[in-house]
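Thanks for coming, everyone. Let me put the structure up, and then I'll walk you through it.

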Amino acid sequence: MFNKKPPDYSHVDSPGESSLVDEESRGFIDAPLFEDGVIEYQDTAYSNKFGARIELGGPPTIELEHKWLNLWSHGNIELQTEDIHRLGKSTEHLVHAGGNDPKRGYVANLEVFHYLHCLNQIRQFTYKEHYATHMAEWIEKDHRSIVNMNVTDPNDAFDRMHIDHCIDALRQQLMCSADVVPLLVEVDEGSKFGYETDFNVNMKCRNYERILEWQYAHALVEN
């Protein structure tokens, strides 16, 4: 059922150097949300039974597209010089907020929303044919910001590049966070193999509402 010998990932670039430290001591401790004391954890039970109905799954509809958009599209934030330096970055070449006003901070956005955007982009890519046959008119009618791809060409080079970028961004994040919560295997005599993996795990998750509140409080305000 499972490989006894661990696979060799030596040929895959690691997201970062190894360090025997806990989460609160890792490099992103200096991210503004940690500095502001926003990050807190709460008990969460996943609802992810294999084959069950998925709230945000299934063929695209206008309602579903808006639900996914609301997951990731929260605009930019404004960071100050000290925030940039704590991230181990330079302010050189960064875009100033407020129409590139040098008296303002710098334009940024949170990585979590980039990952959700990427997940949505991959979802949409798998439904290109559906968009072309069922929603092309709606997309062309001022909804390119929601479905931003060439739905009539399955081999569009830019779309393929975008998806490859997203896949690798998620790959790096999954390897970086490396979730080690065990998935239990249950007896299931009605299944093909006689067992089923229990994906409804109990987790300690970051309070997502707190993160959204911080995002809104630091939203970029144009002059």
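I'll go from the overall layout to the core, then a helix, a strand pair, the disulfide and a few single residues.

Keep in mind that this is a predicted model. The protein has eight helices and six strands. Reading from the N terminus, the order is α-β-α-β-α-α-β-α-α-α-β-β-β-α. There are 223 residues in the protein, and 29% of them are buried. About 15700 Å² is exposed, with carbon and sulfur atoms supplying 54% of that. Now the contacts. Take those with a separation of 6 or more: 69% of them are between residues 24 or more positions apart.

On to the core. Which residues have the most contacts inside the largest nonpolar core? They are Leu33, Leu110, Ile139, Val147 and Trp214, in a core of 28 residues. Several elements supply at least two residues each, among them helix H1 (32–35), helix H2 (62–72), strand S2 (77–79) and helix H8 (208–217). Strand S3 (106–108), H5 and helix H6 (128–140) do that as well. The largest share comes from H6, with four residues. There is also a second, separate core of five residues. That one includes Tyr115, Cys118, Ala169 and Leu170. Hold on to Cys118; I'll come back to that residue.

Look at Leu33 in the big core. Skip its neighbours within four places in sequence. Leu33 is then in contact with Val38, Ile39, Leu110, Ile211 and Trp214.

Two of those partners, Ile211 and Trp214, are among the buried residues of H8. The others buried in H8 are Leu212 and Gln215. Why do we say they line one face? Because, seen down the axis of H8, the buried residues fall within an arc of 160°. On the other side of H8, Glu213 and Ala217 are exposed. And what covers the buried residues of H8? The cover includes H1, S2, H5 and S6.

His74 also meets this helix. His74 sits in the loop between H2 and S2. Buried or exposed? Its relative accessibility is 16%, so His74 counts as buried, the cut-off being under 20%. Beyond its neighbours within four places in sequence, His74 is in contact with Phe113, Leu212, Gln215 and Tyr216.

Leu69, in helix H2, is another buried one, at 18% relative accessibility. Not counting residues up to four places away in sequence, Leu69 touches Ser145 and Ile146. Leu69 and Ile146 are 77 residues apart in sequence, yet their C-alpha atoms are 6.7 Å apart in space.

Now the strands. S1 (residues 41–45) and S6 run antiparallel, joined by five bridges. Tyr41 stands opposite Arg206 of S6. Follow the side chains along S6, residues 202–206. Met203 and Cys205 point to one face and are buried. Asn202, Lys204 and Arg206 point to the other face and are not buried. That fits the general rule: in a regular strand, side chains alternate between the two faces of the sheet.

Back to Cys118. How many disulfides does a search of the whole structure find? One. The disulfide joins Cys118 to Cys166, with an S to S distance of 2.3 Å. The angle about the S-S bond is -70°, and the link is left-handed. What does the pair tie together? Cys118 lies in helix H5 (residues 111–125) and Cys166 in helix H7 (residues 157–177), so the bond links parts 48 residues apart in sequence. Both Cys118 and Cys166 are buried. For the bench, note Cys176 too: that residue is partly exposed, with a relative accessible area of 40%.

Last, two backbone oddities. Neither residue is glycine, and each has a positive phi. For His93, phi is near 75°. His93 is in the loop between helix H3 (81–86) and helix H4 (97–100). With a relative accessible area of 74%, His93 is exposed. For Ala178, phi is near 40°. Ala178 is in the loop between H7 and strand S4 (184–187). At 38% relative accessibility, Ala178 counts as partly exposed.

That's the tour. I'm happy to take questions.

Conventions: Residues are numbered from 1 along each chain as its sequence is written. This is a predicted model: local features need pLDDT of at least 70, side-chain atom pairs count only at pLDDT 80 or more; totals for chains, interfaces and linings use all residues. Side-chain values use heavy atoms; hydrogens and water are left out. Buried means under 20% relative accessible area, exposed over 50%, partly exposed in between (1.4 Å probe, protein chains only). Two strands pair if DSSP finds at least two bridges between them. A disulfide is a pair of cysteine sulfur atoms within 2.5 Å. Contact means heavy atoms within 4.5 Å. Accessible areas come from the Shrake-Rupley method with a 1.4 Å probe; for residues, only the protein chains shown count as cover. A nonpolar core is a set of buried Ala, Val, Leu, Ile, Met, Phe, Trp, Tyr and Cys residues joined through side-chain atoms within 4.5 Å. The arc is that of the directions from the helix axis to the C-beta atoms.
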